[in-house]
Amino acid sequence: MKTAISEEQIAFYRQNGFVVQEDFLRPDEVEELKSAVLETVASMGTRRIADEGAPSKEKDGYYKAVFTQRINLWKLNATIKRYMLESELGEMVGKLAGVDEMRVWHDQALIKEPYGNPTAWHLDNPYWSFYSRDAISVWIALEDATLENGCMYYIPTTQKTATFKNVGIGKNLGALFEVYPDWKKIAPVALPLKAGSCGFHNGLTAHAAAANMTHKRRIAMTCAYMPGGSTFNGQQNILSVDYVKTLKEGDILNNEAQNPVVFSKEN
Ligand SMILES: O=C(O)CCC(=O)C(=O)O
Ligand SMILES: [Fe+2]
């Protein structure tokens with residue numbers, strides 16, 4: 001895992017809300033992580049989220065055809081846990097975001113199946129159970145992600161002007177621009193990635209992915225990280241009913257079993 005990150009990359013991320021790390025994983029690491037992801041996804045059947053008591057319903061037909069989405073695989077598979085909770089990766093996301101502590105929010109396998117629908121423009125953080133301007137995700141290509149098979153697109157600098165208003169990932173590709181009409185003036189950037197390369201994006205950066213116009217799967221593994229000290233905002237999102245019952249708005253999300261620390265400046 002290539003976790004060294006330059007001052008230029010940090011500056012680019014802070015300005016644009018995303019950045020790329022070429023050759024993040026070596027080919028043998030890609031194979032190891034991809035096998036673990038495919039095996040774990042298969043073991044979950046139609047269950048979307050690993051956690052007991054979490055919302056598990058498959059979404060509607062259109063959403064299902066955007067990607068095969070499986071969440072919190074790190075709880076089921078030791079190899080995935082080793083990669084997603086790797087402390088050097090934790091330090092990397094901490095440095096990019098400029099925060100002193102990072103916890104896992106959730107991981108997700110995102111497989112855009114052959115002829116899968118595009119992923120409509122959206123923000124991530126407003127869906128989650130905490131609000132933060134410094135949440136960050138890593139998106140690792142486990143197969144080449146290309147313009148043809150649904151690579152990611154970002155709209156630079158949107159993390160700076162985003163509020164926590166959002167739209168769902170629905171059939172209307174550009175619904176987000178009804179909420180943020182000014183963003184129509186900014187050119188999006190496509191980010192094709194070789195297998196093993198990754199992108200990082202802020203939880204408030206507008207992003208999307210194109211349709212998969214190929215007969216092969218676009219396979220990605222992603223993980224979202226939550227700054228330490230983030231507090232519950234009242235949204236269940238992926239949390240289990242039982243856990244949400246123990247929370248009230250404003251509580252710090254510091255349950256180590258649900259949101260383990262991956263980076264702490266003190267250590
Ligand atoms: O992989 C995709 O199609 C979308 C990914 C995404 O929205 C994310 O990683 O936040
Ligand atoms: Fe997203």
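**A colleague's note on the core, the sheets and the ligand shell**

1. Let me start with the interior. The largest nonpolar core has 75 residues, and Val-93, Ile-140, Leu-142, Phe-200, Ala-220 and Tyr-225 are those with the most contacts inside it. Strand E10 gives the largest share of this core, seven residues. Please keep in mind that this is a predicted model. As a general background, nonpolar side chains tend to be buried together in soluble globular proteins.

2. Val-93 is a good place to begin looking. Leaving aside residues up to four places away in sequence, Val-93 touches Met-102, Ile-136, Val-138, Phe-200, Tyr-225 and Phe-263. Two of the core residues named above, Phe-200 and Tyr-225, are among these contacts. Val-93 belongs to helix H5, residues 87–97, where Leu-89, Gly-90, Met-92, Gly-94, Leu-96 and Ala-97 are buried along with Val-93. After H5 comes Gly-98, with a positive phi near 75 degrees.

3. Strand E10 (218–227) deserves a careful look. How many of the residues of E10 are buried? The count is 10 of 10. Arg-218, Ala-220, Thr-222, Ala-224 and Met-226 point one way from the strand, while Ile-219, Met-221, Cys-223, Tyr-225 and Pro-227 point the other way; all are buried. You may want to view Arg-218 in particular, a buried residue on the side of E10 that also holds Ala-220 and Thr-222.

4. Next, the partners of E10. Strand E3 pairs with E10 in the antiparallel sense over 10 bridges, and strand E5 pairs with E10, also antiparallel, over six bridges. Thr-222 is a handy landmark here: this E10 residue is the bridge partner of Gln-108, and Trp-139 stands opposite Thr-222 as well.

5. The surroundings of ligand 1 lead back to these strands. Around the ligand are Phe-67, Leu-110, Lys-112, Thr-119, Asp-124, Ser-137, Trp-139, His-207, Ala-209, Ala-220 and Thr-222. By class, five residues of this shell are nonpolar, four are polar and two are charged. Strands E3 (101–112), E5 (136–141), E9 (207–209) and E10 each supply at least two residues of the shell. Ala-220 is in the shell and also one of the core residues with the most contacts.

6. There is an open sheet to trace too. Its four strands run in the order E4-E9-E6-E7, with antiparallel pairing. Strands E4 (119–122) and E7 (189–191) stand at the edges with a single partner strand each, so one side of each has no neighbour in the sheet. From one strand to the next, the twist averages 20 degrees. At the E7 end, strand E6 (residues 152–154) pairs with E7 over three antiparallel bridges, and Tyr-153 has Ala-190 in E7 as its bridge partner.

7. Finally, two lysines in loops. Lys-171 sits between helix H6 (158–161) and helix H7 (176–179), and Lys-248 between helix H8 (241–245) and strand E11 (261–264). Are these lysines buried or exposed? Lys-171 is partly exposed because 13 other C-beta atoms lie within 10 Å; Lys-248 has 10 within 10 Å and is therefore exposed. Lys-171 and Tyr-63 are 108 residues apart in sequence, yet their C-alpha atoms are 8.1 Å apart. For Lys-248 and Asn-233, the separation is 15 residues in sequence and 8.2 Å in space, C-alpha to C-alpha.

Notes:
Residues numbered from 1 in each chain as written. Chains lettered and ligands numbered in written order. Predicted model: local features only at pLDDT ≥ 70, side-chain atom pairs only at ≥ 80, totals over all residues. Pairing = 2+ DSSP bridges. Axes fitted to C-alpha atoms, helices over the stretch in contact; angles between N-to-C directions. Near = placed C-beta within 6 Å. Nonpolar A, V, L, I, M, F, W, Y, C, P; charged D, E, K, R; others polar. Core = buried A, V, L, I, M, F, W, Y, C linked by C-beta atoms within 7 Å. Buried ≥ 20, exposed ≤ 12 C-beta atoms within 10 Å, placed from the backbone. Contact = placed C-beta atoms within 7 Å.
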